[in-house]
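User: I should like to learn how to read the features of a protein model. Could we go through one together, feature by feature?

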Amino acid sequence: MIAPIPVLRYASIDSTNLEARRLAEQGEMGPIWLVADEQTAGRGRLGRQWHSEQGNLYSTLLFPVNASQAKAAQIAFIAALAVYDVATHFIKNPNISLKWPNDCLLDDAKFSGVLAEYIGGVPPMMALGIGMNIAHAPKGLPYPTTYLATHSPSVTVEAAHEVLSARLQNWLKIWNDAKNFAA
């Protein structure tokens, strides 16, 4: 059985990944989840803004990583596998695809993104941010977006995070035990 990981909850925060970095710099070793109802400065890859209104999942897992920065970059796609598992848990026969390196698509529309940030130190740490559209999706973006509740009205942020945490731990164990991406 997978042990539950402690969760720090925030009503509002600038960014769960930024907070994870601050905690790591203060000596937090994790693993620990940071989950926010909203982010005021959420971001995605390449510094892109991540729309962070209430009703969606904004989370970061802070944990030590026993890998080089280059190898640890694989963790973003490992997280995408866990997001895939969340969608298949709540939606029967979903049309899901994973777009390298960090997007999760449902019916060819983005519903989740992953931001993996390697934090140096001894041991090195990973801030693995996962945003998931649960109750709504941002509009006006140059690509289509969707949210899980359009396909499964009963899904909640809490339930999605519970499945995400368990599935991510499983995929990280497979990745760690095999010491390679092929596993």
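Analyst: Let us begin with a term: contact means heavy atoms within 4.5 Å. By that rule, I75 touches F63, V65, M126, L128, L172 and W175, not counting residues up to four places away in sequence. Please note that this is a predicted model, in which local features need pLDDT of at least 70 and side-chain atom pairs count only at pLDDT 80 or more, while totals for chains, interfaces and linings use all residues. Residues are numbered from 1 along each chain as its sequence is written, and side-chain values use heavy atoms, with hydrogens and water left out.

User: What is a nonpolar core, and which residues have the most contacts inside the largest one?

Analyst: A nonpolar core is a set of buried Ala, Val, Leu, Ile, Met, Phe, Trp, Tyr and Cys residues joined through side-chain atoms within 4.5 Å. Buried means under 20% relative accessible area, exposed means over 50%, and partly exposed lies in between (1.4 Å probe, protein chains only). Here the largest nonpolar core has 40 residues, and those with the most contacts inside it are I75, L128, I130, M132, L148, L164 and L168. Two or more residues each come from β2, β3, α3, β5 (103-106), β6, β7 and α4 (157-178). The largest share, 11 residues, is that of α3. A second, separate core of 12 residues includes L23, I32, A36 and M125.

User: How are the labels for helices and strands assigned, and in what order do the strands form the sheet?

Analyst: Helices (H or I, at least four residues) and strands (E, at least two) are DSSP runs, numbered from the N terminus. Two strands pair if DSSP finds at least two bridges between them. In this model 7 strands form an open sheet in the order β1-β2-β3-β7-β6-β5-β4, with mixed pairing. Because β1 and β4 stand at the edges with a single partner strand each, one side of each is left without a neighbour in the sheet. On average, neighbouring strands are turned by 20° against each other, direction ignored. For angles of this kind, axes are lines fitted to C-alpha atoms, for helices over the stretch in contact, and angles run from 0 to 180 degrees between N-to-C directions.

User: How many bridges join β6 to β7, and which helices pack on the sheet?

Analyst: The strands β6 and β7 run antiparallel and are joined by 8 bridges; L115 stands opposite G129 in β7. Helix α1 packs on the sheet by touching β1, β2, β3, β6 and β7, and its direction makes about 25° with that of β3. Helix α3 also packs on the sheet, touching β3, β4, β5, β6 and β7, and its direction makes about 35° with that of β7.

User: Which residues of α1 are buried, and why are they said to line one face of the helix?

Analyst: One looks down the helix axis and takes the arc of the directions from that axis to the C-beta atoms. In α1 (residues 16-25), the buried residues are T16, N17, E19, A20, L23 and A24. They fall within an arc of 160°, so they line one face of the helix. These buried residues pack against β1 (7-13), β2 (32-39), β3 (57-64), β6 (109-119) and β7 (125-132).

User: What is found at the ends of this helix?

Analyst: S15 caps the N-terminal end of α1, with a side-chain oxygen 3.2 Å from the backbone nitrogen of N17. Such a polar contact is a pair of N or O atoms within 3.5 Å; within protein, one must be able to donate a hydrogen and the other to accept it, and residues adjacent in sequence count only if both atoms are side-chain atoms. Just after α1, G27 takes a positive phi of about 105°.

User: Which residues other than glycine have a positive phi, and where are the cis peptide bonds?

Analyst: Among the residues with a positive phi that are not glycine, N93 has a phi near 50° and D108 one of about 65°. N93 is in the loop between α3 and β4 and is exposed, with a relative accessible area of 69%. D108 lies in the loop between β5 and β6 and counts as exposed at 56% relative accessibility. As for cis peptide bonds, one joins G30 and P31, with omega about 5°, and P31 lies in the loop between α1 and β2. Another joins V122 and P123, with omega about -5°; P123 is in the loop between β6 and β7.
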